Amino acid sequence: CTVGILNYKDFRCCTLELPDLNNQQNVSCIPAGRYQCKKIISPSLGACIEISDVLNRTYIRIHSGNYTRNILGCVLVGDSIKDIDRDGILDVARSKNTLDKLMAVLPDSFELIIT
C-alpha cells in the first residue's frame, strides 16, 4: 500500500492508497500531480471528496474505510496507520471520524497537490 499525510491548514491526517502500479484503474494509487476536488454525496459512500482530472481514471474519491481491501483506486483517511486486523497489511484507524473532521475544515472545492 501507499501511506501518506494529508495537510490542510492546522488539520493533519494519514492517508492510505493502493501501491503504485502505473495508474491502473482500481489497483493503483493516484500519480503525483495537481487535481481539482469537491465535496460530494456519493450514493454508495455517502459524504466524500471527488478527485477530478486523474488521467485515464474516474470515480476517484477520498472516503472512509479502515482496510486496504476497502480501496478500489481511491484514498482512505484516518488518524493513524496500523495493522488493525493483524493480517500483515497496513490499515488506517478511526477513518469515519477522521473523514468527518476533514469534511468540516475543507472548503466545498479546492486543489489537491500530491507529491
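**Exercise 1. How much space lies in the second largest pocket, and which strand gives the most to its lining?**

Keep in mind as you work that this is a predicted model.

*Step 1.* Start with the volume: the second largest pocket holds about 200 Å³ of space.

*Step 2.* Now find its walls. The lining is made of 14 residues, and those nearest the centre are L45, Y59, R61, L72 and C74.

*Step 3.* Sort the lining by class. It has 5 nonpolar, 7 polar and 2 charged residues.

*Step 4.* Look for the main contributor. Strand 5, residues 60-63, gives the most to this lining, with 3 residues.

**Exercise 2. Describe the surroundings of strand 5, looking at its two faces and then at its partners.**

*Step 1.* Recall a rule for regular strands: side chains alternate between the two faces of the sheet.

*Step 2.* Apply the rule here. I60 and I62 lie on one side of strand 5, with R61 and H63 on the other.

*Step 3.* Check burial, for which the relative accessible area must be under 20%. Residues I60, I62, R61 and H63 are all buried, so both faces of strand 5 are covered.

*Step 4.* Turn to the partners. Strand 4 (residues 46-51) pairs with strand 5 in the antiparallel sense over 3 bridges, and E50 stands opposite R61.

*Step 5.* Strand 6, residues 75-78, runs parallel to strand 5 and is joined to it by 2 bridges. Here H63 has L76 as its bridge partner.

**Exercise 3. Follow the pairing of strand 3 and list its partners.**

*Step 1.* Begin with strand 4. Strand 3 and strand 4 pair in the antiparallel sense over 6 bridges, and one residue pair to find on screen is K39 with I49.

*Step 2.* Look at the connection. Strands 3 and 4 form a hairpin, with 3 residues between them.

*Step 3.* Move on to strand 9. Strand 3 (residues 33-42) runs antiparallel to strand 9, and 6 bridges join them. Y35 has L112 of strand 9 as its bridge partner.

**Exercise 4. Describe the largest pocket and the strands that line it.**

*Step 1.* Take the volume: about 480 Å³ of space lies in the largest pocket.

*Step 2.* Locate its centre. The lining has 21 residues, and I5, L112, I113, I114 and T115 are the closest to the centre.

*Step 3.* Assign the strands. Strand 1 (2-8), strand 2 (11-17) and strand 9 (109-114) each supply at least two lining residues. Strand 1 gives the most, with 7 residues.

*Step 4.* Finish with the classes: the lining divides into 14 nonpolar, 5 polar and 2 charged residues.

**Exercise 5. Examine the backbone at K9 and N22.**

*Step 1.* Most residues other than glycine have a negative phi.

*Step 2.* Compare K9 with that rule. K9 is not a glycine, yet its phi is positive, at about 50°.

*Step 3.* Place K9 in the fold. K9 lies in the loop between strand 1 and strand 2 and is exposed, with a relative accessible area of 73%.

*Step 4.* Repeat for N22. Its phi is also positive, near 55°, and N22 is in the loop between strand 2 and strand 3. At 72% relative accessibility, N22 counts as exposed because the cut-off is over 50%.

**Exercise 6. Look for contacts that involve aromatic rings.**

*Step 1.* Count the ring pairs whose centres lie within 6.5 Å. The count comes to 0 aromatic pairs.

*Step 2.* Next, look for a charge over a ring. The charged end of R69 sits over the ring of Y67, 4.2 Å from its centre.

Terms used. Residues numbered from 1 in each chain as written. Predicted model: local features only at pLDDT ≥ 70, side-chain atom pairs only at ≥ 80, totals over all residues. Heavy atoms only, no water. 1 Å grid on protein atoms, 1.4 Å probe; cavity = no way out; pocket = protein on both sides within 12 Å on 5 of 7 lines; lining within 4 Å. Points joined across faces, edges and corners; volume = space filled by probe spheres on them. Helix = DSSP H or I, 4+ residues; strand = E, 2+ residues; numbered from the N terminus. Nonpolar A, V, L, I, M, F, W, Y, C, P; charged D, E, K, R; others polar. Buried < 20%, exposed > 50% of the residue type's maximum accessible area, 1.4 Å probe, protein only. Pairing = 2+ DSSP bridges. Phe/Tyr/Trp six-rings, centres within 6.5 Å; stacked < 30°, edge-to-face > 60°. Lys NZ or Arg CZ within 6 Å of the ring centre and 35° of its normal.
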